[in-house]
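Want to learn how to read a protein model piece by piece? Let's open one up and talk it through.

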Amino acid sequence: MGAKEPMDLKPGTRWASQVCDTEVIVVRAAAQPVSLQCGGHPMAPVGTDKSPDVTLDPSFASGSLIGKRFADPESGLELLVTKAGAGTLAIDGVALPLKEAKPLPSSD
Amino acid sequence: MHLSSLLEIVAEALPDRVAVAACDAGDLTYGGLLDTVRAVARHLQDQGAERLVAVDVNSEAVPVGLFGAALAGIPYVPVNYRLADAQLVAILERAAPGLAVVESSVPARLGEGVPGLSMMSRGAFLASNGPEPATAGGVDPEDPAVLLFTSGTTGEPKAAVLRHRHLTSYVLETVEFMGADPDDAALVSVPPYHIAGIAAVLTSVWSGRRLVYLPQFSAESWVDTAAREAATHAMVVPTMLGRILEVLAERGEKLPALRHLSYGGGRMPIALVERALDHLPHVGLVNAYGLTETSSTIAVLGPEDHTDAASSSEPEVRARLGSVGRPLPNLEVEIRDPMGVAVPAGTHGEIWVRGDQVSGEYLGRGAALSSDGWLATNDGGWLDTEGYLFVEGRLDDIIVRGGENLSPGEIEDVLLTHPDVADAAVIGVPDEEWGEAVAAVIVLAEGAQAEPDALRAWVAERLRSTRAPQRIEFRPELPYSETGKLLRRVLKAEMSPGPGGS
């Protein structure tokens, strides 16, 4: 997948960073096409080989913690970090804000 | 998303945490569960199984079977092993073809067996393995993940189709990934062929909680197991809770580790909720309302809602103890009139729901959703001004007396507060003057006597005279399904022909 190609960020799809260990799963789709990045570079579907040519951009290196949710207020895209890593999650070069979710009471 | 991804993600994050406190062998860690699931999936693919049917009590074979079938790309079809032989055969004929994991007494009950269904024991299933398959197993979120035969309180049971996207949407939207503490344990006593049994597996796994299975429910073994395993979470149906509270009171057991007790699967009498609040003040009570067709819960009354309502002096707030709380934030719920038009708060009608977890699909019948994705639940109810949902039961059960809609549950709740009444069922019976009349079937408390007129007065004083039962019958017990649903159709069929019973 080329970096310029629009990403198909369907709910349930899983994406991996090209420059660190971060993996995410899409919880809610974006209303319009966006480019999802981690560590300053576009993410790729989990399972594809990591590109050897790119390295972590120090300005996108504040890390992503496992279990945290991130949401883009503009597009509505919502992600869950399923594997922690050193890179920062971003959309089109803008770091994604953390989503503070109030957990629901367990009902099962 | 696909169910197999749920387990793979958790097994990678928490490989050494215990996933299932096993009944037969040792504990299974999340890493071990995934290994077992992969081996079983290889076997299913090697056998070319089209469905994985389960006719068994609760055990670690439930999560192994659910995820194993998912990984093999075939549906998991848990069936009620307690059905009468003829009914069981009829359902298995519809569940076939496939491979069935069966409890040891089942093959003898099936006589010559069921065409297309090969059977294996739980032990053989859990130990099964196969060669690495040539083709990948399940990945498509559109595939059916689970087929569940609905309890069939009316007519022939239908098989609800829940696809991977429905179930995973419910889990992703409502459960915090890895949200459990390392010591958390969920005690599962609802059977695997109930949607709550399926949801328990998925939500426990996604939160990283330890599953503890009760093979079959009895109040004594539930209390024993909850205490021994220090269960922090449990889900029960109404008939279970009453018996559990009795055993807890007899033993003076408080279950100090328990933090969350959820109930659902049928109407819970308010008096019983109040008893639970009294006896287990350290436990957060959660009332969950949902349907098989909605991948489990669509509304919850949380612990704070319970305590706020129980301690309030405002009638409107206090009444919420009898509600099912507010709809989940990822869903839309509306009350609609018989024409399908939404009605304002406070108005009675049918409950409609829309959201990604809503399937509404039955095997061989297609989806029952409207073109814009709404499901008519066939449950009557209303919303209060703060959005709390009150469920009045199946629309067919609502009594229409002289043009007035009466909720059987509301009348039952009042009858149950009478000291001489142990259990009560209210149904509508044909009546020449009113169209339908209110009839009550009462189980008296041990050694108690009660005059029908006294019970009528009790209801009339607390509700209004139109709700007082015209006919009252006394019986030693009421018919329930084993998941705690009152079988009103049985009572209706038995009561309709006769004249006044009192």
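Here is a short chat between a learner and a teacher about a few features of this model.

Q: Before we start, what kind of model is this?
A: It's a predicted model, so keep that in mind as we go.

Q: How is chain B divided into domains?
A: Domain 1 of chain B covers 1-166, domain 2 covers 329-394 and domain 3 covers 398-495. For a sense of scale, the centres of domain 1 and domain 3 of chain B are 41 Å apart, taken over C-alpha atoms.

Q: How do I read a sheet, say the one with S24, S25 and S26 of chain B?
A: Start with the order of the strands, then look at how they pair. Here you'll find three strands in the order S24-S25-S26 (chain B), forming an open sheet with mixed pairing. Strand S24 (421-431) and strand S26 (471-474) of chain B sit at the edges, each pairing on one side only. From one strand to the next, the twist averages 25 degrees.

Q: Which way do S24(B) and S25(B) run, and how many bridges join them?
A: They run antiparallel, with 10 bridges joining S24(B) to strand S25 (residues 435-444) of chain B. Want one to look for? Pro430(B) has Glu436(B) in S25(B) as its bridge partner.

Q: Which helix packs on that sheet?
A: That's helix H16 (residues 488-495) of chain B, which touches S24 and S25 of chain B. The direction of H16(B) makes about 60 degrees with that of S24(B).

Q: Which residues of helix H9 of chain B are buried?
A: For a helix, check each residue for how many neighbours surround it. In H9 (residues 219-228) of chain B, the buried ones are Ala219(B), Trp222(B), Val223(B) and Ala226(B).

Q: Why do the buried residues of H9(B) line one face of the helix?
A: Look down the axis of H9(B): the buried residues fall within an arc of 95 degrees, so they line one face. Turned away from that buried side is a face carrying the exposed residues Glu220(B) and Arg228(B).

Q: What do the buried residues of H9(B) pack against?
A: Their partners are strand S9 (185-188), strand S11 (233-236) and helix H10 (238-251) of chain B. Just after H9(B), you can also spot Ala230(B), with a positive phi of about 50 degrees.

Q: Can we try a sheet in chain A, and what is its strand order?
A: Sure! Four strands make an open sheet in the order S4-S3-S8-S9 (chain A), with antiparallel pairing. The edges are strand S4 (41-42) and strand S9 (94-95) of chain A. Two bridges join strand S8 (residues 89-91) of chain A to S9(A), and Ile91(A) has Val94(A) as its bridge partner in S9(A).

Methods:
Residues are numbered from 1 along each chain as its sequence is written. Chains are lettered from A and ligands numbered from 1 in the order in which they are written. This is a predicted model: local features need pLDDT of at least 70, side-chain atom pairs count only at pLDDT 80 or more; totals for chains, interfaces and linings use all residues. Domain bounds come from an automatic or database domain assignment. Two strands pair if DSSP finds at least two bridges between them. Axes are lines fitted to C-alpha atoms, for helices over the stretch in contact, and angles run from 0 to 180 degrees between N-to-C directions. Two residues are in contact if their C-beta atoms, placed from the backbone, lie within 7 Å. A residue is buried if 20 or more other C-beta atoms lie within 10 Å of its own, exposed if 12 or fewer, and partly exposed in between; C-beta atoms are placed from the backbone. The arc is that of the directions from the helix axis to the C-beta atoms.
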